[in-house]
Amino acid sequence: MLKWKDDYLLGIDKIDEQHKELFRVAERAYNLLKSNYFVDKYNKIVEIIGKLKDYTIFHFQEEEKYMLSIKYKRFFAHKIEHDEFIEQLNKVELKDVDENQDKYILGLLEFVVKWINDHIIGQDLKIIED
Ligand SMILES: [Fe+2]
């Protein structure tokens, strides 16, 4: 799974910290998925993924506030990406996943982390270009 790297740094402390936290939370879920020591690991993973989703929504709001504060000209295109991702996350129903649970959760985590990676590289870093 992709890990945090300094290439993601925008130089805006609050946003950088939130991006790091997103990777930390995803990694926590991933490590738990790989571990064999927790009897109730799926409940915990579902809880962490719920947290990841909530934190993502919170983070997008904070990032959008920042973009508005600097009158960022590509704000709407950027917000559309945020909104579409939240819509995709809202469609995920972890409770319904019984068969191949590990494979499904792993696929979901990889999708989320890859999206965050692509979004930081493709969109967030543009914020500091102007
Ligand atoms: Fe963003």
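Before we zoom in, one bit of vocabulary: two residues are in contact when heavy atoms of theirs lie within 4.5 Å of each other. Keep in mind that this is a predicted model.

**View 1. Here is the iron ion with its protein donors.** Five residues reach in: Glu-63 through OE, His-78, His-82 and His-119 each through NE2, and Asp-124 through OD. Their distances from the iron ion run from 1.8 to 2.3 Å. Try finding them along the chain with the spacing E-x14-H-x3-H-x36-H-x4-D.

**View 2. Now look at two of those donors, His-119 and Asp-124.** Are they buried or exposed? His-119 has 3% relative accessibility, so it counts as buried, the cut-off being under 20%. Asp-124 is at 0%, so it counts as buried too.

**View 3. This one follows helix H1, residues 13-34.** Its 22 residues span 31 Å from the first C-alpha to the last, close to the expected 32 Å. Among the buried residues of H1 are Ile-15, Leu-22, Phe-23, Val-25 and Leu-33. What do the buried residues of H1 pack against? Their partners are helix H2 (41-69) and helix H4 (101-127).

**View 4. Finally, we peek into the largest nonpolar core, with its 30 residues.** Ile-49, Leu-52, Ile-105, Val-112 and Ile-116 touch the most other members. H1, H2, helix H3 (75-90) and H4 each give two or more residues to this core, and H4 gives the most, with nine. Zoom in on Ile-116 and you'll see that it touches Leu-22 and Phe-23, leaving aside residues up to four places away in sequence. As a rule, nonpolar side chains in soluble globular proteins tend to be buried together.

Conventions: Residues are numbered from 1 along each chain as its sequence is written. This is a predicted model: local features need pLDDT of at least 70, side-chain atom pairs count only at pLDDT 80 or more; totals for chains, interfaces and linings use all residues. Side-chain values use heavy atoms; hydrogens and water are left out. Donors are N, O and S atoms within 2.8 Å of the metal (3.2 Å for Na, K and Ca); water is not among the atoms, so sites may look incomplete. Buried means under 20% relative accessible area, exposed over 50%, partly exposed in between (1.4 Å probe, protein chains only). Helices (H or I, at least four residues) and strands (E, at least two) are DSSP runs, numbered from the N terminus. The expected span of a helix is 1.5 Å times one less than its number of residues. A nonpolar core is a set of buried Ala, Val, Leu, Ile, Met, Phe, Trp, Tyr and Cys residues joined through side-chain atoms within 4.5 Å.
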